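Biologist: Please take a close look at one part of this model, the surroundings of a single buried tyrosine. I would like the cut-offs stated as you go.

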Amino acid sequence: QVQLEESGGGWVQAGGSLTLSCAATGDSINRYAMGWYRQTPGKDRDFVGVSVPPSGRTSYADSVKGRFTISRDSAKNTLYLQMNSLKPEDTAVYYCAEVTPGSQKPKNDYWGQGTQVTVSS
């Protein structure tokens, strides 16, 4: 099973940008549909977006479409989430995970520690 470690979160003002990283070990991320989810206290994790190999085709939740971009670096075995035009409602803990092909659901119940993103108004 691929092991995942998220990083890159922090505090940013509304309208700003952040790039999150998800470093994978144990297997190549290019074998899997990989995506990002986010969670706020007391709520379920929400799907943010997914990248599907081998083309890297992406799809996103409506709430982030046009502002967030998922990419992969095969050499570093790392998934990225570029977040632009951030809004206070983007504040959450962000997680990367393997995504069930053809859906927005995670493939399994494995989650890393996540990375906190806080957007101030």
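Modeller: What follows starts at Tyr95 and moves outward to a sheet, a serine and a cavity.

This is a predicted model, in which local features need pLDDT of at least 70, side-chain atom pairs count only at pLDDT 80 or more, and totals for chains, interfaces and linings use all residues. Residues are numbered from 1 along each chain as its sequence is written, and side-chain values use heavy atoms, with hydrogens and water left out.

Tyr95 sits in strand 9, residues 92-98. Strands are DSSP runs of E, at least two residues, numbered from the N terminus. Tyr95 has a relative accessible area of 10%, so Tyr95 is buried. Buried means under 20% relative accessible area, with a 1.4 Å probe and protein chains only; exposed is over 50%, and partly exposed lies in between.

Contact means heavy atoms within 4.5 Å. With neighbours within four places in sequence set aside, Tyr95 touches Glu6, Gly35, Trp36, Tyr37, Gln39, Arg45, Trp111, Gly112, Gln113 and Gly114. Take Tyr37: its C-alpha is 5.2 Å from that of Tyr95, though the two are 58 residues apart in sequence.

Glu6, one of those contacts, leads to the sheet. Glu6 stands opposite Cys22 in strand 3. Strand 1 and strand 3 (residues 18-25) run antiparallel and are joined by 5 bridges. Two strands pair if DSSP finds at least two bridges between them. The open sheet has 4 strands in the order 1-3-8-7, with antiparallel pairing. Strand 1 (3-7) and strand 7 (68-73) each have a single partner strand, so one side of each has no neighbour in the sheet. From one strand to the next, the twist averages 20 degrees. Axes here are lines fitted to C-alpha atoms, and angles run from 0 to 180 degrees between N-to-C directions.

Next, Ser51. Ser51 belongs to strand 5, residues 46-52. Ser51 is buried because its relative accessibility is 2%. Beyond four places in sequence, its contacts are Tyr32, Ala33, Met34, Gly56, Arg57, Thr58, Ile70, Arg72 and Leu79.

Last, the cavity. A cavity is a set of points on a 1 Å grid over the protein atoms alone where a 1.4 Å probe fits but cannot get out. The count is 1 cavity of 30 Å³ or more. The largest cavity holds about 40 Å³. Volume is the space filled by probe spheres set on the points, joined across faces, edges and corners. Gln1, Val2, Leu4, Ala97, Glu98, Asn108 and Tyr110 form its lining, each with an atom within 4 Å of a point. The lining divides into 4 nonpolar, 2 polar and 1 charged.

Key
1 Å grid on protein atoms, 1.4 Å probe; cavity = no way out; pocket = protein on both sides within 12 Å on 5 of 7 lines; lining within 4 Å. Nonpolar A, V, L, I, M, F, W, Y, C, P; charged D, E, K, R; others polar.
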